[in-house]
Amino acid sequence: VVSDVAELGKRLGLTTVAEGVESEAQLERVRIEGCDEIQGYLYGRPEPEPCDRAAVAALNGEYEARLLG
């Protein structure tokens, strides 16, 4: 599937992005299959912008309170 999507992207002149890449083995595989870019924990965990950190922390606290409540 990955190689087919990468090939379709190339034929359409689009950049293909492999998401969820978490290991060097996965990175090697998606490169072999022809993906142009990657996203995933291998390169960094998602986190809010500095200006949004307080709001996200508050929302996470509310969520945890509901789980425990």
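Start by selecting G34. This glycine comes right after helix 2, and its phi is positive, near 105 degrees. Keep in mind as you click around that this is a predicted model.

**Helix 2, inside and out**

Now step back along the chain into helix 2, which covers residues 24–33. Which residues of this helix are buried? Pick L27, V30 and E33, and you have them. Turn the view so that you look down the axis of helix 2: the buried residues fall within an arc of 130 degrees, so they line one face of the helix. There's a simple bit of geometry behind this sort of pattern: an α-helix has 3.6 residues a turn, so residues three or four places apart point the same way.

What do the buried residues of helix 2 pack against? Colour helix 1, strand 1 (17–18) and strand 2, and you'll see the partners. Then spin round to the face turned away from the buried side. There you'll find the exposed residues E24, A25, E28, R31 and I32.

**A buried threonine**

Next, select T16, in the loop between helix 1 and strand 1. Is T16 buried or exposed? T16 has a relative accessible area of 8%, and the cut-off for buried is under 20%, so T16 counts as buried. Show its surroundings and leave out residues up to four places away in sequence: T16 touches V5, A6, G9, G34, C35, D36 and E37. You've met one of those already, since G34 is the glycine that follows helix 2.

**Salt bridges**

How many salt bridges does the structure hold? There are four, and we'll visit some of them.

Begin with R11 and E7. Their closest N and O atoms are 3.1 Å apart. Both residues sit in helix 1 (residues 2–12), and they are four residues apart, or about one turn of the helix. Switch on the surface and compare the two ends: R11 is exposed at 67% relative accessibility, while E7 is partly exposed with 38%.

Stay on helix 1 and pick K10. Its side chain meets that of D36 in a salt bridge, 3.3 Å from N to O. K10 lies in helix 1 and D36 in the loop between helix 2 and strand 2 (37–38), so this pair ties together parts that are 26 residues apart in sequence. K10 is partly exposed, with a relative accessible area of 45%, and D36 is partly exposed too, at 40%. D36 is also among the residues that T16 touches.

For another stop, jump further along to R53 and E47. This salt bridge brings the closest N and O atoms to 2.8 Å. R53 is partly exposed, with a relative accessible area of 41%, whereas E47 is exposed, with 58%.

**A nonpolar patch**

Go back towards the start of the chain and select L8, L12 and L14. Together they make a nonpolar surface patch of about 310 Å². L14 is placed in the loop between helix 1 and strand 1, and that loop is where you found T16.

**Out to helix 3**

Now select Y63, in helix 3 (residues 53–68). Y63 is partly exposed, with a relative accessible area of 47%. Try the distance tool between Y63 and V17, C-alpha to C-alpha: they are 31 Å apart in space and 46 residues apart in sequence.

**Zoom out**

Finally, show the whole chain as a cartoon. You should count three helices and two strands, following the pattern α-β-α-β-α along the sequence. The radius of gyration is 18 Å, well over the 11 Å that the globule rule gives for 69 residues, so the chain is more spread out than a compact globule. Along the principal axes, the C-alpha atoms fill a box of roughly 50 × 25 × 20 Å.

Colour by accessibility for a last look: 14% of the 69 residues count as buried. The accessible surface comes to about 5700 Å², with 53% of it belonging to carbon and sulfur atoms. As for contacts with a separation of 6 or more, residues 24 or more positions apart account for 18% of them.

Note on methods:
Residues are numbered from 1 along each chain as its sequence is written. This is a predicted model: local features need pLDDT of at least 70, side-chain atom pairs count only at pLDDT 80 or more; totals for chains, interfaces and linings use all residues. Side-chain values use heavy atoms; hydrogens and water are left out. Buried means under 20% relative accessible area, exposed over 50%, partly exposed in between (1.4 Å probe, protein chains only). The arc is that of the directions from the helix axis to the C-beta atoms. Contact means heavy atoms within 4.5 Å. Patches are made of residues with over 30% relative accessible area and no salt bridge: like charges are joined within 9 Å, nonpolar side chains (Val, Leu, Ile, Met, Phe, Trp, Tyr) within 5 Å. Accessible areas come from the Shrake-Rupley method with a 1.4 Å probe; for residues, only the protein chains shown count as cover. The radius of gyration is taken over C-alpha atoms; the globule rule is 2.2 Å times the number of residues to the power 0.38.
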